[in-house]
Amino acid sequence: MTQHQPDLRVRLGALELQNPVLTASGTFGYGEEVADLVDISKLGAIVCKTVTRKPRAGNAPPRTCETPGGMMNAIGLQNVGLAAFKRDKLPFLRSCGTRLIVNLAGDSREDFASLCADLDGEEGIDALELNISCPNVAHGLDFATDPFETEAVVKACRAATSKPLYVKLSPNVTDITVIARAAQEGGADALSVANTFIGFAVDTRTRRPRLSNGTGGLSGPAIRPLALRAVWRCAQNVQIPIIGIGGIATANDALEFLIAGASAVQVGTATFIRPTAALDVVDGIKDYLAHHKIDALHELIGSIQM
Ligand SMILES: Cc1cc2nc3c(=O)[nH]c(=O)nc-3n(C[C@H](O)[C@H](O)[C@H](O)COP(=O)(O)O)c2cc1C
């Protein structure tokens, strides 16, 4: 008897992935750091660390700390900068045998758009993910907290590239669906929901913040129900696909997001504990579909019964 082999393929805009499991930006480096531990070719896609125009040293240490059910980070977008990314990181990323999504951030609409234009001509980059959870130097506020800024920056990027454009939203807003609709209006092909939740932790011995930056982004299992709600609400409010992110460590976690309306998921903090976490999620989703005799993943997406 042949084993039931479910179809795990998903489409995010014009891009088709072999399965719905991606790595989350900033938790998988540039691929080479984990290549000895993980068969990267089996992932749906790699999303690499945010790249900015100029290299960034990031914040002073301590930049991470553990919290119940998660961690906080204030890395401060440390990265090698666009020129070194293209020269030193892209060749390996292109050779990984899976799709490559490049996450980028700018400090103005123009900076975002010019980064997109620069990467547009690069072979082997399958999509761009805009990290808009960063301040607009001209206006102070994070792009992702303002629907007008969100729509404008996405529109500028849309005009600068023909690659699929995914927009990573911040959960640190009153109503994420307003921002989701603005990103869709700007021309996003998919939404990544979401980035970390801003938190604060105090060292009671020194009475100082535990992170040098003061605040930090909370990630890991602690945020899963919050992120899941954000995904579920966005799925009800936009027509473009959603990539669910937040505390996903097991196939069951990922299935929650898929059933709630995500077309794909990203695995972040879990990779620090178990480098093979994302691959285990792929296998677990396959087993679930086979067990439930579901032929294709798309039958499961958004199948929540209320
Ligand atoms: C150490 C660390 C660094 C991160 N760096 C980035 C980054 O450079 N760009 C970005 O868009 N998100 C970054 N993130 C956020 C993750 O991509 C993800 O959205 C978040 O951690 C929630 O997912 P998780 O709970 O599975 O980790 C980072 C997260 C962590 C923990």
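Analyst: A crossing is right-handed if the near helix is turned clockwise from the far one by less than a right angle, and left-handed if anticlockwise. α5 passes α6 in a crossing of the right-handed kind, and the crossing of α2 and α3 is right-handed too. This is a predicted model, in which local features need pLDDT of at least 70, side-chain atom pairs count only at pLDDT 80 or more, and totals for chains, interfaces and linings use all residues. Residues are numbered from 1 along each chain as its sequence is written, and side-chain values use heavy atoms, without hydrogens and water.

User: Why is α2 called roughly parallel to α3?

Analyst: Helix α2 (residues 109-120) packs against helix α3 (residues 147-160) at about 30°, with 8 Å between their axes. Angles under 35 degrees count as roughly parallel, and therefore α2 is roughly parallel to α3.

User: What makes α5 roughly parallel to α6?

Analyst: Between helix α5 (residues 224-237) and helix α6 (residues 251-260) the packing angle is about 20°, and the axes are 9 Å apart. That angle makes α5 roughly parallel to α6.

User: How do you know that Thr-269 makes a polar contact with the ligand?

Analyst: A polar contact is a pair of N or O atoms within 3.5 Å. An N or O atom in the side chain of Thr-269 is 2.6 Å from a ligand oxygen. For a polar side-chain atom of Lys-49 the distance to a ligand oxygen is 2.8 Å, and for a polar backbone atom of Gly-268 it is 3.1 Å. The protein covers 96% of the 610 Å² of accessible area that the ligand has on its own (Shrake-Rupley method, 1.4 Å probe).

How values were computed:
A polar contact is a pair of N or O atoms within 3.5 Å; within protein, one must be able to donate a hydrogen and the other to accept it, and residues adjacent in sequence count only if both atoms are side-chain atoms. Axes are lines fitted to C-alpha atoms, for helices over the stretch in contact, and angles run from 0 to 180 degrees between N-to-C directions. Helices (H or I, at least four residues) and strands (E, at least two) are DSSP runs, numbered from the N terminus. Angles under 35 degrees count as roughly parallel, over 145 as roughly antiparallel, 65 to 115 as roughly perpendicular and the rest as oblique.
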